[in-house]
Every structure is written in structure tokens, then in C-alpha cells.
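Here is a quick tour for anyone opening this structure for the first time. Have a look around, then read on.

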Amino acid sequence: RTVIKHTVPSQLQREPTVRITAIDWTMGNILSSSVSGNLASERNTWIVTTASHRNAAQVIKSVDSSSCFAHFTRISLCCQPRVHGSFSYCHYFILLEAVNDPNSNSKADGGSTPVSSCTTNAVEVVEFDGESFESAIVILHNRPKFGPVLIERTLEVKSAEERLPFQQRILEVLGFRDYSLFLRNCEHVANYIIFKSWHSKQTVDSGSLRSVFLKILTDEARRASNVEPSILRWLPEQVALLPTTLQEILQQEIAGRIEANRKEGVAVRALHEIIGKKRFKFEYRSTDTDGRNITAATKVVLFLGPTGAGKSRIINMLLGYAAAESKISVVGVTRSVHFYYAVLNGETIKNLDYCFIDTAGVCDSYLSDKDIHELVKDRLRITLPAIDHIIFVINQRIEKPQIDAMNRYVKWLDLDRHPDSVHFFMTRCEGMKAATKDKLAESLKQEPIYNNLKFEREIEVFGSGEKVRASNIITVGFPDPEEYEIAETWKPAISESFDRVLGAVTYQPSGRAKDCLGKVHPDF
């Protein structure tokens, strides 16, 4: 893991020489072997189905008394080893610092600023903690009990606009109860606050908590693993008890989602007007985050690729509906796995079940590629009986970090044995000349990753009855009409992009990429 050496602020020093430092430990060594006495009580936490009862007055008091919530300038993800009853695990929490440091050189990739060179006005902690698992609650306080601490990530907050998303997520989790070591632990909450991703590395394949509960995991617990729980959200009647200022912070997040969905819906409808009616059409049915509606007969299309490449936009275009949150940004919108269900209908096809899977983008500004890979792999292995199509979505030019990330999936899914299940979609190509598109495709063909995945086949040109020879590299472009003035010369290319995408996901490969999913961990 990435370790950022960081000096402990003076307000938290229990004695002048105490500092937060990187410590040398592994979860395998910390893990306790005597856990049987707590397994039954932990298993009971997996069947929680009711909304958490929050004490709004307590949340209001903690925020009102906070000297850091309104103006923190640094947020850190921290952890420390802890023993709780018969369980040993790593306790995670969020460190908020209000730092007046105009010359700070602190960076998320490993730099640090000594306390002596800046003024720390306030330091507070957000954590999911309590005297016991049963009494645990997410609290904001300034009374941390620190021993040696590992700071995994530090982000600088330079403006109120940058601070707002963190404040929204802190408010979302404050007062939350229903602690579960496997499904809803301190690491889930801390990662959600800083990364907008409900995940715990201790509960994935290589995590120590997974091995503890492996023998007693229920199907529901497996599916709910690292999936944001519905009981996390504040109930409307609870929100009504909050002061106007806090209600506005929560409502801005909701309003932002509504506006983003509106804009995406406008874009998708406008693009479909350009594309026109096709012989085949997907009808959107539903969405979930645990894949519970996938059956052995469902055609599964998995989208992988870097942040901001356009995976969500392509899924929305196929569905003809703004189901997936989409945004062109270096900061990923999707930081978990979402399943979108639809049926395909056409002249010769009726109600063919499909599932399009949108995954967290690699090369994300916050999460490491390794963490994203483990998170996606854990979710897919638990959920999928097989995969019909794997779509790598890349933004025109492919770079080495993207190649490395894709190679992880190629190796894990054993895609060398299923080249006709793989397609490469190169996006943002709507305004390009044919020669430029061919040049981009040729550049990808020079990459080693393509050598064992190259595939050419005959595809039907929709509406013409003609068949052409095509490779599994497809250049596509679906620009946002609100951001671009779409030239008439672009429209044929947009329509052709949709034809190619539709043809790729409805093509029936010779086999399904499935054996790999069962052999990674045969215990499942």
C-alpha cells in the first residue's frame, strides 16, 4: 500500500515526541485465530433490513461544535491495527485538518509538509466506532486516541467547491449505526467519505476478514459484500429535523445528481434522434448493484476501461435511457459495479435478456488500479455465471497504465482463449476522418495486448443486408449536444458508431468466458 509519512498535528500529540508514522505490519500477522465466539453475532448483522435509526439532535450537536467541518483544508484516510474482542483487524478513520499553509507542498502521491512549516487551526476525526460492535456509531469528534497510525492517502482541499462533496458524504454517514465487520465496517465508511466508494480491502479475496468468514458466508452476504447499503441513506423525516444549512448541503448532492441525469437524458435522446430507428432495440428494465437478477440465460456484456473514457455513455446509448451516471472527467463517476438490465427486441428476436455491467474506471484520480481490479474482480466472481462480451473502452490513445490495467483482466479472465468475446471501443472519434480512425486502430494493433486478442469476422451492416470484414477494434463517438455543436458531417459517423456498437454486443461469440470465474476461488 502507499504510505504517506505525515507528522501528527500538535493538537493530537499525547506527548511532544509522538508522531504519526508508517508502521510495518501485514493483515495476515495481525489476524486472530480465535474468532468462533463472535461469528454468530456477526452473522446476525447480515440480515439487517430496516433503516438505521439516527439521532438527528446528536448529529446537529457534533457539527455545530465542530471547528473543522466547515473549513477543513486537508482530508486523510488513516488506519491502525486494533483488537476488538476476539477479532483483530485494521481500524480506519478520516482525519480532517484545517491548515493555514500557503506554501504547502503536501501531495497525495507521497509528499508531506512538516507541522513546523504551517499553522494547524483544527484537527478532528470521523470514524465508525464504539465500546462494542453493537454500540458503534459514525461520529465526528476531536478526541482521538492515537497510537501508531498509517496514513494511506492525503488530499488537499483548496476551495469550498472541493470541500462540498466530502461534507455531503460525511453528513450522509454521520449517526449511522448497524455496524457489521464484514458488510458495514469502519473501512467502508472511511473509503466512502474520501473516495465515494463503499469498499473494504479487508473483505475482498485477498483480505483477512474474508478468510475469517469464508465458511459461514450466506449467499446474501456474498452479494451484499462491498455494496453500498440502502439503509445508509437518511430518511426524509430524519432530514427534516436538521437545520437548514445541513439540509442544503445534503440537498445539493441530490440536486446535482438530478441535474446530471437530466443533461445525460437530453444528450441520449438527441443522439437517438440523429441515429433514427434501427431493426433491433434494447428496452431498459432495471438497475442494481449486486447482480441478483442475472440468470444463466442472460447475455452479459462487461465494460472495462479508464476513467472518463465513456463507458457509461455507451451503456446509456444502448439502453436509449440515461440509466448510468455519466460525466467527462478525470475523476471517475462510477467507483463501484452497476448492473443494467434490458431486453433486446427486433424483427427476429423477442425479449432476449441482457445485462450491461458498468465498472469503476482504471487510472482513477483517487483509487489505485490494483484496488479497482480487486473490487471489480470480487464483485464479478460472486455474481456472474459467465460473460458473453468484454468491451475495453479507451479514449482514442492508449497509454501504458491503461495497458497494464487491462492486462490484469486479460490474465484473470483468461481472454486469450476467448478472443472473439473481446472488443476495443476507441471513443471521441465522431469528428475524425476515416484515415485518422484507421491510424488509431493501427496504433492499438501494435500493442502486445492485442496480439492474442485480435479477431476479424464478418458483420452485417444494419439495414443493408450486406456483410463486411471487420476487426474487434471499433472507433465510436457520441458527443454531448449541449457541449458540442454537432455538424451535419458528424451525423453519419454517429449513426455508424451506434451500428457498430450494437453489432458488437449482439454478435454471438463461439464461447463464453466463464471457466475463469469458477477457478479463481473454488470455495465459492
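## Asp-378, tucked away

Let's start with Asp-378 in this predicted model. Is Asp-378 buried or exposed? Its relative accessibility is just 1%, and the cut-off for buried is under 20%, so Asp-378 counts as buried. You'll find Asp-378 in helix 11, which covers residues 369–383.

Who keeps Asp-378 company? Setting aside the neighbours within four places in sequence, Asp-378 is in contact with Val-204, Asp-205, Arg-210, Ser-225 and Asn-226. With Arg-210 there is also a polar contact of 2.3 Å, side chain to side chain.

## Glu-42, buried without a salt bridge

Next up is Glu-42, a residue of helix 2 (residues 36–44). Glu-42 is buried, yet it has no salt bridge. Which side chain of opposite charge is nearest to Glu-42, and how far away is it? That would be Arg-184, at 7.2 Å.

Glu-42 does have a polar atom in its side chain that sits 3.0 Å from the backbone nitrogen of Phe-182. Phe-182 also turns up among the contacts of Glu-42 beyond four places in sequence, along with Ser-180, Leu-181 and Phe-213.

## Two helices side by side

Now for a pair of helices. In general, two packed helices are described by the angle between their axes and the distance between those axes. Here, helix 4 (residues 160–173) and helix 5 (residues 186–195) have axes that come within 8 Å and cross at roughly 155 degrees. Angles over 145 degrees count as roughly antiparallel, so that label fits helix 4 and helix 5.

Which residues make the contact? From helix 4 they are Phe-166, Arg-169, Ile-170, Glu-172 and Val-173, while helix 5 brings Val-189, Tyr-192, Ile-193 and Ile-194.

## Lys-400, out in the open

Lys-400 belongs to helix 12, which runs over residues 400–412. Its relative accessible area is 59%, and exposed means over 50%, so Lys-400 is exposed.

How far apart are Lys-400 and Glu-447 in sequence and in space? They are separated by 47 residues in sequence, and their C-alpha atoms are 9.6 Å apart.

## The whole protein

Stepping back, the protein has 524 residues, and 55% of them count as buried. Its secondary structure adds up to 16 helices and 14 strands. Take the contacts between residues at least 6 apart in sequence: 76% of these join residues at least 24 apart.

Methods
Residues numbered from 1 in each chain as written. Predicted model: local features only at pLDDT ≥ 70, side-chain atom pairs only at ≥ 80, totals over all residues. Heavy atoms only, no water. Helix = DSSP H or I, 4+ residues; strand = E, 2+ residues; numbered from the N terminus. Buried < 20%, exposed > 50% of the residue type's maximum accessible area, 1.4 Å probe, protein only. Lys, Arg positive; Asp, Glu negative; His and termini not counted. Salt bridge = Lys/Arg side-chain N within 4 Å of Asp/Glu carboxyl O. Polar contact = N/O pair within 3.5 Å; in protein donor to acceptor, adjacent residues only side chain to side chain. Contact = heavy atoms within 4.5 Å. Axes fitted to C-alpha atoms, helices over the stretch in contact; angles between N-to-C directions. Parallel < 35°, antiparallel > 145°, perpendicular 65-115°, else oblique.
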